[in-house]
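Here's a quick briefing to read with the model open beside you. Take a moment to turn the structure around before you start.

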Amino acid sequence: MLRKLVCKRICAYKNFDDEDSVDGNRPSSSSSSSSKAPSSGRKGISMGSGRRPGPPTGVKAAGKEGASAGAVDEEDFIRAFDDVPTVQIYSNRELEESMNKIREVLSDDKHDWEQRVVALKKVRSLLLAGAADYDGYHQHLRLLDNAFKLSVKDLRSQVVREACITLGHLSSVLGNRFDHGAETIMPTLLNLVPNSAKIMATSGVAAIRLIMRHTHYPRLIPIMTSNCTSKSVAVRRRCYEFLDLLLQEWHTHSLER
């Protein structure tokens, strides 16, 4: 039943001709005028005011490259998963001390931003070293919920990007065991989508897509559907994309819970 409802909403949205673009701008006058009925067929009389020359081709190309500068995607994140220092874990106590130190750094935005980036990478280093197999790891991970939120909200794009990579990595490794973390961080990640800084917006999108692929937690669905009515056009459209991805990746039993 839920699957049919989600499919119906996605189809309805795709068939709906939204007047706004993804960033909230109106369509150009040229596109709107093309839908109008043609004139009576008389040739217009030139008044000597020819069309203004457009910018040189090189300028257009440079503008296009500038628009995509800083954008990231899932492949960029996956490549960055293991681009971290190698560490070894010898005991539960050592893991606990490392997680406590990470939480201390990430929970205080007054710490130098480079230290926070190092701490986020340390989370991935520990995960690659097998931290998830130790008793108490998931409890320590839950204690990082607020620290992750603070990192995703950071004004430094480097911190935001590293936080999103780390969240995507946690989801890809832990799968459904990252259910609580995914539910907790999802609203904060969605707030990145309409961000004017492309690196932040695309980092949020990449993290959400990775979470939707690997953590099939039914309580993520209401978060997405509720944001399908967001005031932000970018958020609405992305949420329908995420729901579409969900229908492709999730098993039916996950949708019927």
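Is helix 11 mostly covered or mostly open? It's mostly covered, with 13 of its 17 residues buried. Keep in mind that what you're looking at is a predicted model. The protein chain has 14 helices and zero strands, and helix 11 turns up again and again below.

**The overall picture**
- Going along the sequence, the pattern reads α-α-α-α-α-α-α-α-α-α-α-α-α-α.
- The protein chain has 257 residues, and buried ones make up 40% of them.
- Take the contacts between residues at least 6 apart in sequence: 77% of these join residues at least 24 apart.

**Helix 11 and its partner, helix 9**
- Start with a length check on helix 11: at 1.5 Å a residue, its 17 residues should span 24 Å. The C-alpha atoms at its ends are 24 Å apart, so the expectation and the model agree.
- Helix 9 covers residues 157-174 and helix 11 covers residues 198-214. Their axes come within 8 Å and cross at roughly 5°.
- Angles under 35 degrees count as roughly parallel, so helix 9 is roughly parallel to helix 11.
- Which residues meet here? On the helix 9 side, they are Ser157, Val160, Arg161, Cys164, Leu167, Gly168, Ser171 and Ser172. On the helix 11 side, they are Ile199, Met200, Ser203, Gly204, Ala207, Leu210, Ile211 and His214.
- Sorted by class, this contact has eight nonpolar, seven polar and one charged residues.
- When you look at those lists, it helps to know that an α-helix has 3.6 residues a turn, so residues three or four places apart point the same way.

**Helix 9 and its other partner, helix 8**
- The axes of helix 8 and helix 9 also come within 8 Å, but they cross at roughly 135°.
- That angle makes helix 8 oblique to helix 9.
- From helix 8, the residues involved are Phe148, Ser151 and Val152. They meet Val159, Val160, Ala163, Thr166, Leu167 and Leu170 in helix 9.
- By class, the contact of helix 8 with helix 9 has seven nonpolar, two polar and no charged residues.
- Spot the repeats: Val160 and Leu167 of helix 9 meet residues of helix 8, and both also appear in the contact with helix 11.

**Salt bridges**
- Side chains of opposite charge can pair when their charged atoms come close.
- How many salt bridges does a search of the whole structure find? It finds nine, and three of them are worth a visit.
- Asp154 pairs with Arg116, and their closest N and O atoms are 2.1 Å apart. Asp154 sits in the loop between helix 8 (145-152) and helix 9, while Arg116 is in helix 6 (residues 113-128), so the bridge ties together parts 38 residues apart in sequence. Both Asp154 and Arg116 are buried.
- Arg124 pairs with Glu162, with the closest N and O atoms 2.8 Å apart. Arg124 is in helix 6 and Glu162 in helix 9, so this bridge also ties together parts that are 38 residues apart in sequence. Both Arg124 and Glu162 are buried.
- Some bridges share partners, and these join Glu74, Arg209, Arg213 and Glu249 into one network.
- Within that network, Glu74 forms a salt bridge with Arg213, the closest N and O atoms being 2.7 Å apart. This pair links distant parts of the chain: Glu74 is in helix 4 (residues 74-81) and Arg213 is in helix 11, 139 residues apart.
- Why does Glu74 count as buried? Its relative accessible area is 15%, and the cut-off for buried is under 20%. Arg213 comes out as partly exposed, because its relative accessible area is 24%.

**Two more residues to find**
- Ser98 is in helix 5 (residues 92-106). Ser98 is buried, with a relative accessible area of 16%.
- If you skip its neighbours within four places in sequence, Ser98 is in contact with Lys122 and Leu126.
- Ile221 belongs to helix 12 (residues 220-226). Ile221 is buried too, with a relative accessible area of 3%.
- Ile221 and Leu255 are 34 residues apart in sequence, and their C-alpha atoms are 8.6 Å apart in space.

Terms used: Residues numbered from 1 in each chain as written. Predicted model: local features only at pLDDT ≥ 70, side-chain atom pairs only at ≥ 80, totals over all residues. Heavy atoms only, no water. Axes fitted to C-alpha atoms, helices over the stretch in contact; angles between N-to-C directions. Helix = DSSP H or I, 4+ residues; strand = E, 2+ residues; numbered from the N terminus. Parallel < 35°, antiparallel > 145°, perpendicular 65-115°, else oblique. Contact = heavy atoms within 4.5 Å. Nonpolar A, V, L, I, M, F, W, Y, C, P; charged D, E, K, R; others polar. Expected span 1.5 Å × (residues − 1). Buried < 20%, exposed > 50% of the residue type's maximum accessible area, 1.4 Å probe, protein only. Salt bridge = Lys/Arg side-chain N within 4 Å of Asp/Glu carboxyl O.
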